[in-house]
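Please open the structure below in your viewer and keep the selection tool at hand. The tour proceeds from one selection to the next and states what is to be found at each.

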Amino acid sequence: YRLSARLDERTYAACAGHLQELLCQECSPYAAHLYDAEDPSTPVRTIPGLCQDYCVQVWQDCRSIFRSLSADPELIALENNMAKFCRYLSLEDTDYCFPHLLANQNLNQNLGLVTADAEGCLQLCLVEVANGLRNPVAMVHANDGTHRFFIAEQVGLVWTYLPDGSRLEKPFLNISEAVLTSPWEGDERGFLCIVFHPKFKFNGKVYVYYSVEVRYEERIRISEFRISPADMNVLDHGSERIILEIEEPASNHNGGELLFGDDEYLYIFTGDGGMAGDPFGTFGNAQNKSALLGKVLRIDVRNNDRGPLYRIPPDNPFVSDPTARPEVYAYGVRNMWRCSFDRGDPHTKEGKGRLFCGDVGQNKYEEVDIVEKGKNYGWRAREGFSCYDKKLCTNSSLDDVLPIYAYPHKMGKSVTGGYVYRGCEYPNLNGLYIFGDFMSGRLMSLKEDRATGEWQYSEICMGTGQTCMFPGLINNYYQYIISFAEDEAGELYFLSTGVPSATAPHGVVYKVVDTSRRAPPGKCRVEPSPVKVKSKRIAFVPKEKFIMKTPTPHPRLKTTTEAPGGGVPEPRTPRPPAVERAGQGSRTRTPSTAAPSGRAPGPGRAAAEGAQRRRKKPPVSGSVRLMRQGRRGRGRGRVEVFIDGEWGTVCDDGWSLPAAAVVCRQLGFPYAVRATKKAEFGEGTSLRIHLDDVQCSGQERTLLECSHADVGTHNCSHEEDAGVVCGREEVTD
């Protein structure tokens with residue numbers, strides 16, 4: 001209307017329609033194409049790309065309106081030369097010129113939907129934003145208008161990244177000497193989370209969650225730090241105040257999430273204490289409201305400079321229950337790994353405040369929950385929708401809340417919770433909960449059906465064909481998905497690595513991109529507040545490459561009722577891409593075709609012959625076998641491990657069910673029924689004793705990955721040879 005008011009009556013009658021059409025293209029689903037915003041090396045257009053015939057028509061009748069639409073001096077200089085003028089406004093890809101694209105059925109048939117392949121797998125792309133990180137466990141922002149983001153490494157360092165992608169040389173936080181972790185792949189201890197106080201801009205407070213050892217006792221610690229008065233990009237390391245410490249009875253299931261809700265309370269997500277099956281007490285830690293483990297806690301850290309370090313919110317659900325800890329907000333959780341609050345729909349705010357969590361399962365299922373005050377999420381009575389402890393599961397007083405989604409271990413074995421996308425740049429993703437699996441590398445999504453309240457599952461694939469063939473985009477990532485993140489503007493990221501060790505610098509941060517529809521140019525522009533930088537800037541150099549060819553589908557494995565021979569099972573990682581990467585190390589396939597965790601090929605002659613051929617191969621270090629009465633045991637027997645070219649036994653000092661689970665899984669059995677001691681299956685007197693003091697979390701691939709004394713070092717005899725009983729069915733008390 002403002003521009004139309006400048007037109008005389010004759011020009012208005014001829015040109016007002018064109019004026020409106022051109023202005024409205026900023027809101028077109030294809031605005032990124034029309035304004036040539038895909039290529040960062042070219043300036044964004046001020047006028048959408050026009051088809052030749054339309055441009056000629058507008059030029060002949062209404063070329064004067066372009067002075068109102070654009071201040072581009074080159075365009076204005078060409079105003080009186082129709083051929084050059086229309087050539088200047090043309091697009092190389094004529095499929096996208098206006099207005100012909102409106103009638104292009106290939107472009108318009110799926111508007112409002114994320115592009116999917118023939119199997120319904122949503123096709124997305126990625127932008128690499130950080131690399132060379134050691135198990136990046138968290139990425140957060142300060143919500144202070146600076147649009148910085150902060151990436152935490154498991155070893156205990158946090159790095160500052162500026163809006164231009166550069167990293168500051170001096171870490172934001174370095175407590176690596178205090179953090180308890182190790183180089184073992186899969187070690188769950190370490191620096192696990194960082195979160196900024198909602199009023200950080202005014203009080204400078206930051207909270208962290210990490211593992212620590214205090215007088216030979218492992219604990220999880222939640223501490224408060226303040227920003228350094230001398231540098232806004234560094235915490236004052238001397239300002240640490242320990243808010244809460246909780247003893248950890250085992251090295252796994254440490255939880256590791258901190259969040260602030262809209263209520264400005266601090267939410268703390270703890271694991272059940274570790275081992276397997278939550279074996280602590282009568283009903284386990286998770287169902288015991290007097291324990292802080294296996295819970296979602298909620299505390300008030302506002303105005304804590306004087307008086308107690310934290311207070312109990314008055315509406316916490318169990319403040320009046322003398323048998324419960326008042327910090328408990330929800331219970332019955334196993335090991336929630338990565339939770340997030342929904343920002344709500346950008347326009348209606350629908351969904352705002354919902355708390356989504358991924359809860360890692362035991363033997364069969366992974367689950368996604370929406371956490372609500374006072375609710376019981378079922379563990380250890382239930383795993384996913386299935387009963388785990390049958391006695392607890394049939395208890396009518398359990399009154400547990402079922403997950404919104406659960407998936408079996410053939411799809412993945414360790415869920416990583418994500419976010420509901422509420423960003424600006426990719427409108428088709430709005431309302432989609434995007435999450436992943438650490439072990440299988442699958443990216444997944446859930447979309448709520450508003451009519452039924454049910455959540456519909458769609459797998460996410462990396463874009464094929466030309467979907468991701470834009471400058472700066474890639475279509476592959478490292479398998480082990482550790483965490484998800486939002487930046488200050490609400491755009492979505494995930495963090496993964498090719499080597500899941502706290503000391504391996506193979507971690508990469510990726511931004512999720514949906515090329516099916518971009519927001520109009522300029523709509524999502526942010527103006528970061530200035531940042532005073534005192535440390536050296538390290539420019540970001542991307543290393544990942546776009547893979548031109550898509551790999552062939554990997555055949556799914558059939559199951560068998562027979563256990564394979566002893567030894568380390570062949571890797572279940574997907575086949576590598578057809579085109580080798582030029583980035584860091586090797587890369588697994590995109591999760592859409594990731595092979596499920598399965599057993600060897602099905603029964604029959606070919607399978608039997610294949611098994612015979614495998615047995616002829618020499619065992620690799622870490623292989624195991626079971627011996628019983630001088631013969632190979634099938635599912636039960638004395639454990640013997642192959643190390644340095646010879647078989648040897650394992651002492652029962654520290655021998656436990658998680659260690660037995662490692663052995664049984666190597667031999668193809670899904671469950672460890674019992675860990676035996678005192679040479680129950682006979683003494684291996686003709687062999688050396690290879691391992692002693694073995695302690696496992698149950699997630700290791702071989703006993704060599706567990707904690708143990710040096711190979712060949714022991715203080716035991718063969719009277720203490722360890723054994724196992726494996727099974728194909730779950731056995732509960």
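A residue is called buried when its relative accessible area is under 20%. The model on display is predicted, and every value quoted on this tour is computed from it.

**Stop 1: Ser697**

Select Ser697, which sits in the loop between E34 and E35. Its relative accessible area is 10%, and Ser697 is therefore buried. Leaving aside residues up to four places away in sequence, Ser697 touches Asn252, Met275 and Pro658.

**Stop 2: the disulfide of Cys696 and Cys706**

Stay in this loop and select Cys696 and Cys706, which are joined by a disulfide with an S to S distance of 2.1 Å. The torsion about the S-S bond is about 110°, so this disulfide is right-handed. Both cysteines lie in the loop between strand E34 (688-691) and strand E35 (723-727), so the pair ties together parts that are ten residues apart in sequence. Cys696 counts as buried because its relative accessibility is 11%. Cys706 is likewise buried, with a relative accessible area of 2%.

**Stop 3: two disulfides between distant parts of the chain**

How many disulfides does the structure hold? There are eleven, and two further examples are worth selecting.

Select Cys121 and Cys461 next. Their disulfide has an S to S distance of 1.7 Å, and with 115° about the S-S bond the link is right-handed. Distant parts of the chain are linked here: Cys121 is in the loop between H7 and strand E1 (122-133), whereas Cys461 is in strand E24 (residues 455-462), 340 residues apart. Cys121 has a relative accessibility of 6% and so counts as buried. Cys461 has 4% and so counts as buried.

Now select Cys51 and Cys97, a disulfide in which the sulfur atoms are 1.9 Å apart. This link is right-handed, with 95° about the S-S bond. It too connects distant parts of the chain, 46 residues apart: Cys51 belongs to the loop between helix H2 (31-34) and H3, and Cys97 to the loop between helix H6 (82-88) and helix H7 (105-108). Cys51 and Cys97 are buried.

**Stop 4: the cis peptide bonds**

Select Phe98 and Pro99. The peptide bond that joins them is cis, with omega about 5°, and Pro99 is in the loop between H6 and H7.

A second cis peptide bond runs from Trp379 to Arg380, with omega near 10°. To find Arg380, go to the loop between strand E17 (365-371) and strand E18 (382-383).

**Stop 5: helices H1 and H3**

Select helix H1 (residues 9-24) and helix H3 (residues 52-62) together. Their axes come within 10 Å and cross at roughly 135°. That angle makes H1 oblique to H3, and the crossing is left-handed. On the H1 side, the contact is made by Ala14, Cys15, His18, Glu21 and Leu22; on the H3 side, by Tyr54, Gln57, Val58, Asp61 and Cys62. Sorted by class, the contact comprises six nonpolar, two polar and two charged residues.

Which residues of H3 are buried? Colour Tyr54, Cys55, Val56, Val58, Trp59 and Cys62 to see them. These buried residues pack against H1, helix H4 (66-69) and H6.

**Stop 6: Cys24 and Cys27**

Select Cys24 and Cys27. Why is no disulfide formed by Cys24? The closest cysteine sulfur to that of Cys24 is in Cys27, at 6.7 Å, which is too far for a bond. A disulfide requires the two sulfur atoms to be within 2.5 Å. Seen from Cys27, the closest cysteine sulfur is that of Cys24. Cys24 counts as partly exposed because its relative accessibility is 44%, whereas Cys27, at 59%, counts as exposed.

**Stop 7: two residues with positive phi**

Finish with Arg338 and Lys678. Arg338 is not a glycine, yet its phi is positive, at about 80°. Arg338 is in strand E15 (residues 336-341). Is Arg338 buried or exposed? With a relative accessibility of 4%, Arg338 counts as buried.

Lys678, also not a glycine, has a positive phi of about 55°. Lys678 is in the loop between strand E33 (671-676) and E34. Its relative accessible area is 59%, and Lys678 is therefore exposed.

Definitions and conventions: Residues numbered from 1 in each chain as written. Predicted model: local features only at pLDDT ≥ 70, side-chain atom pairs only at ≥ 80, totals over all residues. Heavy atoms only, no water. Axes fitted to C-alpha atoms, helices over the stretch in contact; angles between N-to-C directions. Helix = DSSP H or I, 4+ residues; strand = E, 2+ residues; numbered from the N terminus. Parallel < 35°, antiparallel > 145°, perpendicular 65-115°, else oblique. Left-handed = near helix turned anticlockwise from the far one by under 90°. Contact = heavy atoms within 4.5 Å. Nonpolar A, V, L, I, M, F, W, Y, C, P; charged D, E, K, R; others polar. Buried < 20%, exposed > 50% of the residue type's maximum accessible area, 1.4 Å probe, protein only.
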